[in-house]
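Here are some notes to read alongside the model. They go from strands to helices and then to the pairing of the chains.

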2 protein chains.
Amino acid sequence: MRVVKKFGGSSVSTIEKIKSIANNIAQNYKEGDEIVIVVSAMGKTTDSLIKLAKEISETPDIRELDSLLSTGEQQTTALLSIALKERGLKAVSLTGAQAGIRTGGIHTKNKIESIKIERIEKSLKDGTIVVVAGFQGINEDGDITTLGRGGSDTSAVALAAALKCECEIYTDVIGIFGVDPRVYKNAKKLDKISYEEMMEMANLGAGVMETRAVEIGKKYGVKIYVGETLGVETGTYICDESEITEKKDVTGISINKNVIMVNLENFVGGPRSIATIFNKLAQNSVNVDMISQNEVLSSKGSIGFTSPLTDEEFLNKSLEDIKKEIPDIKITKKTGVMKISLVGIGMISNFGVAAKVFDVLSYINEEFYQCTTSEISISLIIKEDKGMKVVERLAEVFSI
Amino acid sequence: MRVVKKFGGSSVSTIEKIKSIANNIAQNYKEGDEIVIVVSAMGKTTDSLIKLAKEISETPDIRELDSLLSTGEQQTTALLSIALKERGLKAVSLTGAQAGIRTGGIHTKNKIESIKIERIEKSLKDGTIVVVAGFQGINEDGDITTLGRGGSDTSAVALAAALKCECEIYTDVIGIFGVDPRVYKNAKKLDKISYEEMMEMANLGAGVMETRAVEIGKKYGVKIYVGETLGVETGTYICDESEITEKKDVTGISINKNVIMVNLENFVGGPRSIATIFNKLAQNSVNVDMISQNEVLSSKGSIGFTSPLTDEEFLNKSLEDIKKEIPDIKITKKTGVMKISLVGIGMISNFGVAAKVFDVLSYINEEFYQCTTSEISISLIIKEDKGMKVVERLAEVFSI
């Protein structure tokens, strides 16, 4: 069977773990198998390399940073190949460039443009296990590039797309949960989740899979399996919604505490003021997440939005800038809040989900500060100290 | 001015040292300069990577080992380039493959076959400092290769040959000494030494420069400067003997304590026994250095040779094998000895050197166990505990 298997940094953080993976591959290898393995850098290697670069320059040149960081994955590929060969298997390590992964874009944030699979195909044909460095490629100038954090997932899924096979992502969790099991102990592991739901979950802060990787999976119809490295329990498949027979209203709830909420009131409404406000935010590199506006029947405008708490410094600067432009504006900031997002492909055809959510809040007598929706999600801002009570109740009601 | 500068592992072992080198380059950079810098891996990085591989396999696959080890130099090139750019210079890091260094041979012991200098030339033309990973290249299969220990010297001199310029090797000594200053404190630094002398010195255990690098320098007429990293004192030029006006009888004395001496006697002489002896040594991977034979007017053969003390285990095995084949042979091993070698291009035209050496030994009443000569060298095996007295006296007599 042809397959791409990806092992992340925590799965290859020690020589012992690398040996265990090699043992597992050797035990399960069958004549005719065509296996591509994508690996990340060992443990915290990437962080250590960034630290070295930062000791030299606060803003290290990004072309050079890419060349520096790419060595981490290259080391893992060589070590795993040595381990596989030691166990009598045929194996070959390839850098991103050697694996034919061509990228475009700016350094440290490249995107995969194409994969020349000839070299990989040739090795697979003669039973050689191909170990590819994740997170990296080469651009048209022949420079080494990286795909940004979490890019190894993207490498793996893109390779699976090019090689027309399934992609297995091995990590330190047993699969994808409806709710983060670290915050809600009764959380259930999902057997399947659709690409769309997974993308919403990732964007909303679930943090299990890189959104770009899931996007590529969806685009090329790559079935993605997420499971525990060397685990015995079956993990979760990320697949097309047509493969999911039992569509739940809500598949998962994601929780995000890195939130600050801002309300702006008492300004002359209309597109011009709104444009001024969001331009000032953009100029100060503030990420804006939820935006909600209620048209009120007065001449005065009001709008609310959320930003990551980690952007607070830039946000404060923006709000000063906005105040200068629109002196009468009334600004309210709220911290100590969290965002709860319910995601489910079933929502598209079921209008009752929002009503159920509001019922829950009413039942436990909790107010929410803001609410936005997409086709397959509902997000609420609520008080952080009441958040877990709300999540638990919602999880029960929607059987997550 | 166009120049290749090479900085070894101890010169780039910390971020502080890398910054100091960048400062030095920035201070001395002049408009129009064309600078190529070759670097080794930081400090003990290569050893650490080998250790990791050995934890996985006692005999790690050599293709994979090459890919693993090459990351060490790649990291240094990126870090130094970041430091140079931080100081406002234009710089670009290149792996061996990117620098066009094509190699042939077996992994871990490759030889440079050709260098495609187009990419380097292009960068030099627009004033970019090119930082190349030493010790590595790429073979015709597109695999990453390494040149073996000390290979960064070879990379640097080969690049200088291809770029038709001088090569500066920066290290932790202020230059090349007639005698190792760690063992003879009155040793004098040489201003110049010929390629041939340097090659003899390196082979004989002086350990300052890789012999292969000097060979390439001789073949392509590359003037090599050896000096201290960021030092103020002028170092030593390795150049053609025609550039050395004052030819001394003896330029240097090299000392080697890693020696075991073996004498074989009482065997039926002739080429067949000799062949048996040296075949057994080769089969057991014993390095044989000095070989001396005196034809004696009897039917019995005798021969002496030296090997590295570090090969003693293999040597003992060989001697057992020889004893099995030639039961009557008498074997004497001698440890506690050292090899002293006098090297000088002047010897070719001066027959008195050997006589002077024997005069010295006679004067201080020291015997020697073995003596061999080449066109430009005389080597002696003497008792280790008397060695330094002999070296000091010879250094005085020959003004080294």
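1. Let me begin with a pair of strands in chain A. S18(A), residues 337-343, and S20(A), residues 377-383, are antiparallel partners joined by 7 bridges. (Strands are DSSP runs of E with at least two residues, helices are runs of H or I with at least four, both numbered from the N terminus; two strands pair if DSSP finds at least two bridges between them.) Within this pair, Met338(A) has Ile382(A) in S20(A) as its bridge partner.

2. A word on conventions: this is a predicted model, in which local features need pLDDT of at least 70 and side-chain atom pairs count only at pLDDT 80 or more, while totals for chains, interfaces and linings use all residues. Residues are numbered from 1 along each chain as its sequence is written, and chains are lettered from A and ligands numbered from 1 in the order in which they are written.

3. On its other side, S20(A) meets S19(A), again antiparallel, over 5 bridges. The two form a hairpin with 2 residues between them, and Cys371(A) stands opposite Leu380(A) of S20(A). These strands belong to an open, antiparallel sheet of 4 strands in the order S13-S18-S20-S19. At its edges are S13(A) (252-256) and S19(A) (370-374), each paired on one side only. From one strand to the next the twist averages 20 degrees.

4. Chain B gives you an open sheet of 8 strands with mixed pairing, ordered S3-S6-S2-S1-S9-S11-S12-S10. S3(B) (91-94) and S10(B) (192-194) are the edge strands with a single partner strand each, so one side of each has no neighbour in the sheet. S3(B) pairs with S6(B) (residues 129-133) in the parallel sense over 4 bridges, with Leu94(B) opposite Val132(B).

5. Which strands does H4(B) lie across? Helix H4(B), residues 118-125, lies across S2(B), S3(B) and S6(B), at about 150 degrees to S6(B). (Angles run from 0 to 180 degrees between N-to-C directions, and axes are lines fitted to C-alpha atoms, for helices over the stretch in contact.) Helix H5(B), residues 151-163, packs on the sheet too, touching S1(B), S2(B), S6(B), S9(B) and S11(B), and makes about 175 degrees with the direction of S1(B).

6. Do look at H2(B) (residues 45-56) and H3(B) (residues 62-86): their axes come within 9 Å and cross at roughly 150 degrees. That makes the two helices roughly antiparallel (the term covers angles over 145 degrees). The contact is made by Thr45(B), Thr46(B), Leu49(B) and Ala53(B) of H2(B) with Leu65(B), Leu68(B), Leu69(B) and Gly72(B) of H3(B). (Residues are in contact if their C-beta atoms, placed from the backbone, lie within 7 Å.)

7. How many residues does each chain give to the contact between the chains? Chain A and chain B supply 26 residues each. On the chain A side, H1(A) (15-28), H2(A) (45-56) and H3(A) (62-86) each bring at least two residues. The largest share, 13 residues, comes from H3(A).

8. Finally, the symmetry. Chain A superposes on chain B with an RMSD of 0.2 Å after a rotation of 180 degrees and 0.1 Å of shift along the axis (a least-squares fit on C-alpha atoms of residues with pLDDT of at least 70 in both copies). That is the relation of a two-fold axis. In chain A, the C-alpha nearest the axis belongs to Thr71(A), at 2.6 Å. The same surface serves both copies, as 100% of the contact residues of chain A recur in chain B.

Conventions
Two residues are in contact if their C-beta atoms, placed from the backbone, lie within 7 Å. Angles under 35 degrees count as roughly parallel, over 145 as roughly antiparallel, 65 to 115 as roughly perpendicular and the rest as oblique.
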